Structure formats: C-alpha cells, structure tokens
Amino acid sequence: MLSQAGWPTPGPNLNNVPWKKCRETGINQGNWYVTALDKTHDLSINTSYELSDKWQFNANFLFQTGQPTNYPVGQYELRGLNVPIFGLRNQERLPLTID
C-alpha cells in the first residue's frame, strides 16, 4: 500500500496580536518581529510503502525558503574572546533548503 501526505502551512506570522502589548523590551528593543516559523515556502511530503508485513519503506521530502534568522553585524573582543553583535531580530531570511 502506498500512502502520501502533505501539509500546507499558514502565511506570515508576526509576533503581534491586537490584544497583546509588548512588555519585554530586552528582545528586539521592544519592537515586533516575525517568528522563526514564518517561512515563505514550506512543503513537506512523506511517503510510505508497505511491501509486506515485515517490510515497510518511508521517504521524506522537505522544501523550505525564507526562514527568518539573525546574522552578526559586528563583533568585539572581551578577555580574549570574540563576541558577536547581532542586528534586529529575524531581519534576514535563509536561502532555499532542500532535505
């Protein structure tokens, strides 16, 4: 028996809802930001094939683009260690990923 499944994902997801006030000023200087789950494209395909009662084969395909991330914008040295400085939260997007 061959079975396949795929799941659509919702569109943009901001960490911003009308009834919630941002009280934490330590993250992104108190400004709203997109969550890590806000991906431009996200497609998962899972396939399972049952050859017999003892043998079953499975395959997974994952296609994603645009996952939010933070890249360092600078660095400084503290006691011999390089410490990265990050910009605003989730301002950059990861490129295409196929697994």
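This report describes the strands, surface and selected residue contacts of a predicted model.

**Overall make-up**

The chain has 8 strands and 0 helices, so read from the N terminus its elements follow the order β-β-β-β-β-β-β-β. It holds 99 residues, and 14% of them count as buried. The accessible surface amounts to about 8200 Å², with 56% of that area belonging to carbon and sulfur atoms. Taking the contacts between residues at least 6 apart in sequence, 50% join residues at least 24 apart.

**Strand pairing**

Strand E2 covers residues 41-50 and strand E3 covers residues 56-65; the two run antiparallel and are joined by 10 bridges. They form a hairpin, with 5 residues between E2 and E3. Within this pairing, Ser-44 stands opposite Leu-62 in E3.

E3 also pairs with strand E8, residues 97-98, again in the antiparallel sense, over 2 bridges. Here Phe-63 stands opposite Ile-98 in E8. Strand E3 is thus a partner of E2 and of E8.

Another antiparallel pair is formed by strand E5 (residues 72-78) and strand E6 (residues 81-86), joined by 6 bridges. Gln-75 has Pro-84 in E6 as its bridge partner. E5 and E6 make a hairpin with 2 residues between the strands.

The pairings described above are set out in the table.

| Strand pair | Sense | Bridges | Opposed residues |
|---|---|---|---|
| E2 and E3 | antiparallel | 10 bridges | Ser-44 and Leu-62 |
| E3 and E8 | antiparallel | 2 bridges | Phe-63 and Ile-98 |
| E5 and E6 | antiparallel | 6 bridges | Gln-75 and Pro-84 |

**Surroundings of Gln-64**

Gln-64 is placed in strand E3. Its relative accessibility is 15%, and because the limit for buried is under 20%, Gln-64 counts as buried. Leaving aside residues up to four places away in sequence, Gln-64 touches Lys-39, His-41, Asp-42, Pro-95, Leu-96 and Thr-97.

With Asp-42, Gln-64 makes a polar contact between side chains, at 3.4 Å. The side chain of Asp-42 also meets that of Lys-39 in a salt bridge, with an N to O distance of 3.9 Å. The count of salt bridges comes to 1. The residues of this bridge fall into separate accessibility classes: Lys-39 is buried because its relative accessible area of 16% is under 20%, whereas Asp-42, at 21%, counts as partly exposed. Asp-42 therefore has side-chain links to Gln-64 and to Lys-39.

Leu-96 is another of the residues that Gln-64 touches. Leu-96 lies in the loop between E7 and E8. In sequence Leu-96 and Gln-64 are 32 residues apart, while in space their C-alpha atoms are 6.0 Å apart. Beyond residues up to four places away in sequence, Leu-96 touches Phe-63, Gln-64 and Thr-65.

**Nonpolar surface patch**

Leu-96 also belongs to a nonpolar surface patch of about 420 Å², together with Leu-43, Ile-45, Phe-61 and Ile-98. Of these, Ile-98 is found in strand E8, where Ile-98 stands opposite Phe-63. Leu-96, in contrast, sits in the loop between E7 and E8.

**Positive phi angles**

Most residues other than glycine have a negative phi. Arg-79 is not a glycine, yet its phi is positive, at about 55°. Asn-90, also not a glycine, has a positive phi of about 55° too.

Arg-79 is found in the loop between E5 and E6, the hairpin that has 2 residues between its strands. Asn-90 is placed in the loop between E6 and strand E7 (92-93).

Is each of these residues buried or exposed? Arg-79 is exposed, because its relative accessible area of 83% is over 50%. Asn-90 counts as buried, because its relative accessibility of 12% is under 20%.

Methods: Residues numbered from 1 in each chain as written. Predicted model: local features only at pLDDT ≥ 70, side-chain atom pairs only at ≥ 80, totals over all residues. Heavy atoms only, no water. Pairing = 2+ DSSP bridges. Helix = DSSP H or I, 4+ residues; strand = E, 2+ residues; numbered from the N terminus. Patch = residues over 30% accessible without salt bridge, like charges linked within 9 Å, V, L, I, M, F, W, Y side chains within 5 Å. Areas by Shrake-Rupley, 256 points an atom, 1.4 Å probe, with all protein chains shown as cover. Salt bridge = Lys/Arg side-chain N within 4 Å of Asp/Glu carboxyl O. Buried < 20%, exposed > 50% of the residue type's maximum accessible area, 1.4 Å probe, protein only. Polar contact = N/O pair within 3.5 Å; in protein donor to acceptor, adjacent residues only side chain to side chain. Contact = heavy atoms within 4.5 Å.
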